[in-house]
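These are my notebook entries on a protein model. I record what I looked up and how I read it.

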Amino acid sequence: MVHTPVHASWTNQIEIFFSIVQRKVVSPNDFTDLNEVQGRLRAFEDRYNATAQPFQWKFTTSNLDDLLARLDRHTADQPEEASATPET
């Protein structure tokens, strides 16, 4: 199991990437045709891939152990949920 921090899930990473594309490639949208958009996106992709490096997670197994312990304490402190059927 690999725990990824909630604030940096894979969907957040995708949103960040598309935000970068929006700022650095698509804006301003002064394209004359779709081939120009495609060319600019391909050029960005080539530059981005040439300099990309794996992300180094700072969340360690020790952090995971601490998180699980906190969740266990929180769960133990919570009373059992009341029955969904109201008593009459």
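Before the first entry I noted the cut-offs for burial: a residue is buried under 20% relative accessible area, exposed over 50%, and partly exposed in between. The model is predicted, and I kept this in mind throughout.

**Entry 1: overall picture**

I looked up the secondary structure and found three helices and zero strands. Along the sequence the pattern reads α-α-α. I then looked up burial and found that 10% of the 88 residues count as buried. The protein exposes about 8100 Å², of which carbon and sulfur atoms supply 55%.

**Entry 2: helix α2**

I checked the length of α2. Its 18 residues should span 26 Å at 1.5 Å a residue, and the end C-alpha atoms are indeed 26 Å apart, so the two values agree. Which residue caps the N-terminal end of α2? I found Asp-33 there, with a side-chain oxygen 3.2 Å from the backbone nitrogen of Asn-35.

**Entry 3: aromatic rings**

I looked up the aromatic pairs, and the count came to four. In one of them, the ring centres of Phe-17 and Tyr-48 are 5.1 Å apart. Their planes stand at 75 degrees; an angle over 60 counts as edge-to-face, so I entered the pair under that heading. Phe-17 belongs to helix α1 and Tyr-48 to helix α2, so this pair ties together parts that are 31 residues apart in sequence.

Are these two rings buried or exposed? By the cut-offs above, Phe-17 is partly exposed at 29% relative accessibility, and Tyr-48 is partly exposed at 33%.

I next looked at Phe-44 and Tyr-48, whose ring centres are 5.5 Å apart; their planes lie at 35 degrees, so the pair is tilted. Both residues lie in helix α2, four residues apart, or about one turn of the helix. I noted a general point here: an α-helix has 3.6 residues a turn, so residues three or four places apart point the same way. Phe-44 has 8% relative accessibility and therefore counts as buried. I closed the entry with the cluster: Phe-17, Phe-18, Phe-44 and Tyr-48 form one aromatic group.

**Entry 4: salt bridges**

As a general point, side chains of opposite charge can pair when their charged atoms come close. I looked up how many salt bridges the structure holds and found three.

Arg-40 pairs with Asp-30, and their closest N and O atoms are 3.7 Å apart. Arg-40 lies in helix α2 (residues 34–51), whereas Asp-30 lies in the loop between α1 (10–26) and α2, so this bridge ties together parts that are 10 residues apart in sequence. I found Arg-40 partly exposed at 29% and Asp-30 partly exposed at 48%.

Arg-40 also meets Glu-36 in a salt bridge, at 3.8 Å from N to O. These two residues both lie in helix α2, four residues apart, about one turn. Glu-36 is partly exposed, with a relative accessible area of 29%.

Glu-45 forms a salt bridge with Arg-42, with closest N and O atoms 3.7 Å apart. Glu-45 and Arg-42 are three residues apart in helix α2, so about one helical turn separates them. Glu-45 is partly exposed at 36%, and Arg-42 is partly exposed at 49%.

Which residues are joined into one network by salt bridges that share partners? I recorded Asp-30, Glu-36 and Arg-40.

Key
Residues numbered from 1 in each chain as written. Predicted model: local features only at pLDDT ≥ 70, side-chain atom pairs only at ≥ 80, totals over all residues. Heavy atoms only, no water. Salt bridge = Lys/Arg side-chain N within 4 Å of Asp/Glu carboxyl O. Buried < 20%, exposed > 50% of the residue type's maximum accessible area, 1.4 Å probe, protein only. Areas by Shrake-Rupley, 256 points an atom, 1.4 Å probe, with all protein chains shown as cover. Expected span 1.5 Å × (residues − 1). Polar contact = N/O pair within 3.5 Å; in protein donor to acceptor, adjacent residues only side chain to side chain. Phe/Tyr/Trp six-rings, centres within 6.5 Å; stacked < 30°, edge-to-face > 60°.
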